[in-house]
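Trainee: Please take me through the ligand site in close detail. I would also like a word on the salt bridges and the backbone angles.

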Amino acid sequence: MALTDDDGKIRWRQSPYTLLAGLLILVAAFAAAMHSVAVALVLSVGAVAILAYQPARNARSETVAAPVIEALPAAETARDNIGVTSAALSAIDMPLYLIDARENIVFQNGAAAEAFGEIEANAHITTRLRSPAILDCVRETIAKGNVNTVEYSERHPSTRVYLVRVAPMPSENGKATHFILSFRDISESRVVERMRSDFVANASHELRTPLASLQGFIETLQGPAKNDPKAGERFLGIMLEQVQRMNRLVDDLLSLSRLELKAHIAPSDRVDLLPLLGHVRDALQPLAASLDIEIAMDLPQDPVFVAGDRDELIQVFENLVQNACKYGQEGKRVEVTLTPATKGQGAEVSIRDFGPGIAEEHIPRLTERFYRVNVEASRSKKGTGLGLAIVKHILTRHRARLIVKSEMGKGSVFTVRF
Ligand code: ADP
């Protein structure tokens with residue numbers, strides 16, 4: 001048979017049927033030439049029958065080639081779909097179960113086995129999940145074919161919070177026979193949410209205290225102390241202190257939010273720590289003198305360069321030396337030591353005070369925002385509770401660590417290791 005190619009050229013289909021038909025026509029022509037009309041007629045009919053048979057065969061092969069699955073029994077197709085779905089589910093790293101309308105678990109992926117343990121094939125869902133809320137969701141989805149979600153938390157082995165979703169698997173006739181149960185782990189976003197709301201609550205509380213005190217003094221000045229210039233002067237002094245406290249707090253909050261924005265960008269400047277620490281000492285000399293403290297520096301001869309942002313590093317060391325002066329006042333001495341980098345270790349700056357020290361249980365929490373060992377002591381020393389949080393943020397950006405060692409009654413050492 002002649003067919004045309006895509007480019008329009010004629011080509012011949014090399015089918016054995018075509019060849020046989022051609023052969024019969026040739027023999028028929030020969031028989032006709034030999035005046036054997038009956039033989040020629042029989043042979044021609046045979047050739048036509050063969051050619052007529054061929055298109056029918058072609059047409060059938062075309063229909064068969066399209067949806068092979070349709071020709072398979074329904075149960076086999078469904079099994080096939082489950083196989084493909086299970087393979088897809090096993091590639092996803094979120095715990096997933098495939099369940100049937102009788103609530104049997106047809107398949108669980110590796111993440112589900114890891115999170116909730118292995119199960120036997122076709123186990124009922126209640127052998128794995130007992131939460132009434134999840135079971136209600138599953139039942140409603142099976143009955144109504146809708147999607148349901150519920151929050152579920154586990155206490156053991158560690159606290160985890162999941163958003164559980166039950167959804168029907170799409171089917172051709174619209175009636176789902178299988179359902180997918182997924183567990184989205186939202187534990188970390190919950191922790192972040194809680195930290196954020198704690199932070200807003202703490203910041204508001206910190207601002208509300210001086211605001212309330214300002215309001216109180218203004219009302220007193222307008223009322224009972226209206227005609228008392230001496231009291232008025234004293235109150236104005238306290239009010240100024242409260243305003244300065246709010247200013248410090250707002251500055252620290254802004255510092256923190258700016259640092260958060262560039263947390264993932266490492267600083268690229270080269271900074272010599274030698275003059276930088278000298279600058280910090282000079283800046284804090286008046287505070288040290290007012291507290292009757294000597295700041296002793298132990299610095300090497302040669303420059304010590306680190307990759308860093310000068311202003312931010314000044315903020316780090318000012319905070320640490322200031323804390324050592326404020327909280328270690330009774331030790332009368334603060335030592336700042338700079339150790340250059342050696343082969344296996346980066347440069348180090350340590351700030352030692354000889355104050356009362358910090359109890360062990362507080363040390364891991366010192367860099368939390370608004371965490372103070374003693375709230376009143378911090379406030380009376382003009383602390384905001386944000387200093388070490390800022391230090392930690394800056395050091396993280398600088399790929400440096402803060403190491404705190406303290407002994408009660410002997411003092412504390414805050415070390416920055418680059
Ligand atoms: P603050 O603004 O209160 O000083 P920081 O974040 O700088 O906040 O410090 C948190 C807390 O850590 C302080 O309130 C204080 O209790 C404690 N602290 C920090 N440095 C020292 C130190 N050198 N000695 C004793 N306690 C310290």
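Mentor: The ligand site comes first, then the salt bridges, then the backbone.

Keep in mind throughout that this is a predicted model. Start with the location. The ligand sits in the largest pocket. Around the ligand there are 19 residues. Those that come nearest are Tyr-327, Ser-378, Thr-384, Gly-385 and Leu-388.

Next, the polar atoms. For Tyr-327, the side chain places an N or O atom 2.6 Å from an oxygen atom of the ligand. For Thr-384, the backbone is involved: one of its polar atoms is 2.7 Å from an oxygen atom of the ligand. Gly-385 also uses the backbone, with a polar atom 2.8 Å from an oxygen atom of the ligand. Now the cover. On its own, the ligand has 540 Å² of accessible area, and the protein covers 96% of that.

Which elements build the shell? Helix 10 (310–327), helix 12 (387–397) and strand 14 (411–417) each give at least two residues to the shell around the ligand. Helix 10 has the largest share, with four residues. By type, the shell holds nine nonpolar residues, seven polar ones and three charged ones.

Turn to the charged pairs. Side chains of opposite charge can pair when their charged atoms come close. With a cut-off of 4 Å between a side-chain nitrogen of Lys or Arg and a carboxyl oxygen of Asp or Glu, the count is 19 salt bridges. One of them joins Lys-144 to Glu-140. Their closest N and O atoms are 3.8 Å apart. Why are these two about one helical turn apart? Both belong to helix 6 (residues 132–144), and they are separated by about one turn because they lie four residues apart in that helix.

Finish with the backbone. Most residues other than glycine have a negative phi. Two residues deserve a look here. Asp-292 is not a glycine, yet its phi is positive, at about 60 degrees. Asp-292 lies in the loop that runs between helix 9 (273–290) and strand 9 (294–298). Lys-332, again not a glycine, has a positive phi of about 65 degrees. The loop that holds Lys-332 is between helix 10 and strand 11 (333–339). That brings us back to helix 10, which supplies four residues of the shell around the ligand.

Conventions: Residues are numbered from 1 along each chain as its sequence is written. This is a predicted model: local features need pLDDT of at least 70, side-chain atom pairs count only at pLDDT 80 or more; totals for chains, interfaces and linings use all residues. Side-chain values use heavy atoms; hydrogens and water are left out. A residue is near a molecule or strand if one of its heavy atoms lies within 4 Å of it. A polar contact is a pair of N or O atoms within 3.5 Å; within protein, one must be able to donate a hydrogen and the other to accept it, and residues adjacent in sequence count only if both atoms are side-chain atoms. Accessible areas come from the Shrake-Rupley method with a 1.4 Å probe; for residues, only the protein chains shown count as cover. On a 1 Å grid over the protein atoms alone, a cavity is a set of points where a 1.4 Å probe fits but cannot get out, and a pocket is an open set with protein on both sides within 12 Å along at least five of seven lines; lining residues have an atom within 4 Å of a point. A molecule sits in a cavity or pocket if more than half of its atoms lie within 2 Å of its grid points. Ala, Val, Leu, Ile, Met, Phe, Trp, Tyr, Cys and Pro count as nonpolar, Asp, Glu, Lys and Arg as charged, and the others, Gly among them, as polar.
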